[in-house]
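The following exercises concern one protein chain, shown below as sequence and structure. Each task is followed by a solution in steps.

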Amino acid sequence: MTYLYGDSTDSGLELNYIELLREFLNFAVQVMLSEHRVNSARAANEERKREMSSELDRLRELGATVAGALEGAKGHNPQSSTDQSIAALHRATDETLRRAAEGLKASVSQAEQQLASNCSRERAANAKLIERLLLDHELPDSSNTVDLMLNEAGTGYQAQVVGSCAQGLAWRFQAEINKGSSFAELVKVGTLRPEMSVDLPEMSGFVRKSVKLKPYKLAHLFVTALVHEGDSVVLKLRTSPLADEVTGLDIRFSSNPARVAIVRTQKDEESPEFQVPEGDAEPLRSLCHELMQNASSLVQERCKLLDVSFNKLPLRDCPDPSVLIERLVARIGPVIRGIAAHSLADTELVLKRVLANDRREEIFASKADLLDTMRSVPAALRNIFAPLGLGDVQSDVGDYDPTNRVDGTPMRAAPEVGSVVTSAVTPTPSPVATMTALDLGSMEVTGTVDISAALNGEEDDEATNVVDGPVTHEMT
């Protein structure tokens, strides 16, 4: 079905770009907000690292100052009460500063671990968001194929929709097989082609110089799999639908170059691949094409996202998901600008769909509403939406709060897609600040301890290498 522009001229568009734009903006805004939270947390953690480094420097200076003062007060009699007290103060100071340094390092290390966990949750939420977009809409320049295989019990089929688009996004969905589907019951070749057969070499004939071809009837075989492997489609036919049944044929249909090859399988033997002569290849192609046509309707029955990747990486592992938004905006933008140019009102986007000879349906969207959706994103990040040509993306209405949902309400209850709650983690109190007195009577005099060793010891595992700020997430 093609759409008309708002001025009733032919658009040539086969997708409802207005509904696609609404859903895409909801997805894109949430991804940009997620990236903003991640980047803000990283910046906060970098600041935490700088603060820790400064605190460690101050602790070193304090240790050196205390050590100098105590050394200056020492006498020449190590057994005197004064010199024993000085030695005890040395040890107490060293221990206090060591605990303070370890506390700082532990706090930063904990924040780093929390950042990694929260980044993973944010990216996992992105995958959930894109599931809704892909379930409801086809993306431009996208293609889908359907893979079928028997379920574990051998009583029916399970289907997966595998697709991708030119912008580098790829996905795999589980699809429902309803009662009306051609694959609601097990399919036998004889149901589709009652008299179909193909000439194949005898299994023992493959070791002889002259190979004899004999007719092999396909009517009794069950379709057990129809899967895509690169540029090829593999059709598996077996004598029964049992999971451990191996007797039958594997037929490979290759497109480049165009050829049909068969491997005949038995329990203890597998034939070499046999290239089918063109006379037999065309009926096999016809059978495969019919099965693929019947399976193609299952694209509309996709129901659960199994995995999604961008640039061949799982979406949750992509370092910068905003690149995906940028590419999709670049692809959709010219189309949206074309719709706007043909819409009779400057404030709207309009498409029309012909329902009958005397009836048309109008689909429209307010540019102001679409801009309001974008304004949930911080102004510094909004230019990514400028190619859509909907208006001034930098104009603001009210203040932005990154902890709010797209509709501006605080993230207290669970939102429609997911929520993120950001909160600061209170650092571990420094022992320097909490120590109020030293029990000199309980200390033995064994000499002084090197304070610098406590602060710069070999057990320091690069405590300042902290990448994240503490952010807590709750997803639904």
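## Exercise 1: Nonpolar cores

Task. In this predicted model, identify the residues with which Phe24 is in contact, leaving aside its neighbours within four places in sequence.

Solution. Step 1: with those neighbours set aside, the contacts of Phe24 are Leu133, Ile325, Leu328, Val329 and Ile332. Step 2: the largest nonpolar core has 88 residues, and Phe24 belongs to the group that touches the most other members, together with Ile130, Leu218, Leu284, Ile325, Phe385 and Leu388. Step 3: the element that gives the most to this core is helix 1 (residues 17–73), with twelve residues. Step 4: another core, of seven residues, lies apart from it and includes Leu56, Leu59, Leu97 and Ala101. As background, nonpolar side chains in soluble globular proteins tend to be buried together.

## Exercise 2: Salt bridges along a helix

Task. State where Arg58 and Glu55 lie, and classify the exposure of Arg58 and of Glu55.

Solution. Step 1: a salt bridge joins the side chains of Arg58 and Glu55, at 3.3 Å from N to O. Step 2: both residues lie in helix 1, three residues apart, about one turn of the helix. Step 3: Arg58 has 53% relative accessibility and therefore counts as exposed, the cut-off being over 50%. Step 4: Glu55 has a relative accessible area of 31%, so it is partly exposed.

Task. Carry out the analysis for Arg98 and Glu95, and name the network to which they belong.

Solution. Step 1: in the salt bridge between Arg98 and Glu95, the closest N and O atoms are 2.4 Å apart. Step 2: both residues lie in helix 2 (residues 81–136), three residues apart, about one turn of the helix. Step 3: Arg98 is partly exposed because its relative accessibility is 27%; Glu95 is partly exposed at 31%. Step 4: salt bridges link Glu95, Arg98, Arg99 and Glu102 in a network. In total, the structure holds 22 salt bridges.

## Exercise 3: A salt bridge between distant parts of the chain

Task. Locate the two partners of the salt bridge between Glu273 and Arg259.

Solution. Step 1: the closest N and O atoms of Glu273 and Arg259 are 3.3 Å apart. Step 2: this pair links distant parts of the chain, with Glu273 in the loop between strand 12 (269–270) and strand 13 (274–275), and Arg259 in strand 11 (residues 258–266), 14 residues apart. Step 3: Glu273 counts as partly exposed because its relative accessibility is 45%. Step 4: Arg259, at 22%, also counts as partly exposed, since buried would require under 20%.

## Exercise 4: A four-stranded sheet

Task. In what order do the four strands of the open sheet stand, and which are the edge strands?

Solution. Step 1: the order is 2-1-16-17, with antiparallel pairing. Step 2: strand 2 (10–13) and strand 17 (359–366) are the edge strands, as each pairs on one side only. Step 3: from one strand to the next, the twist averages 35°. Step 4: strand 1 (residues 3–5) and strand 2 run antiparallel and are joined by two bridges; Tyr3 stands opposite Leu13 in strand 2. Step 5: helix 1 packs on the sheet, touching strand 2, strand 16 (348–356) and strand 17, and its direction makes about 30° with that of strand 17. Step 6: helix 5 (residues 322–342) also packs on the sheet, touching strand 1, strand 2 and strand 16, with its direction at about 80° to that of strand 16.

Methods: Residues numbered from 1 in each chain as written. Predicted model: local features only at pLDDT ≥ 70, side-chain atom pairs only at ≥ 80, totals over all residues. Heavy atoms only, no water. Core = buried A, V, L, I, M, F, W, Y, C linked by side-chain atoms within 4.5 Å. Buried < 20%, exposed > 50% of the residue type's maximum accessible area, 1.4 Å probe, protein only. Contact = heavy atoms within 4.5 Å. Salt bridge = Lys/Arg side-chain N within 4 Å of Asp/Glu carboxyl O. Pairing = 2+ DSSP bridges. Axes fitted to C-alpha atoms, helices over the stretch in contact; angles between N-to-C directions.
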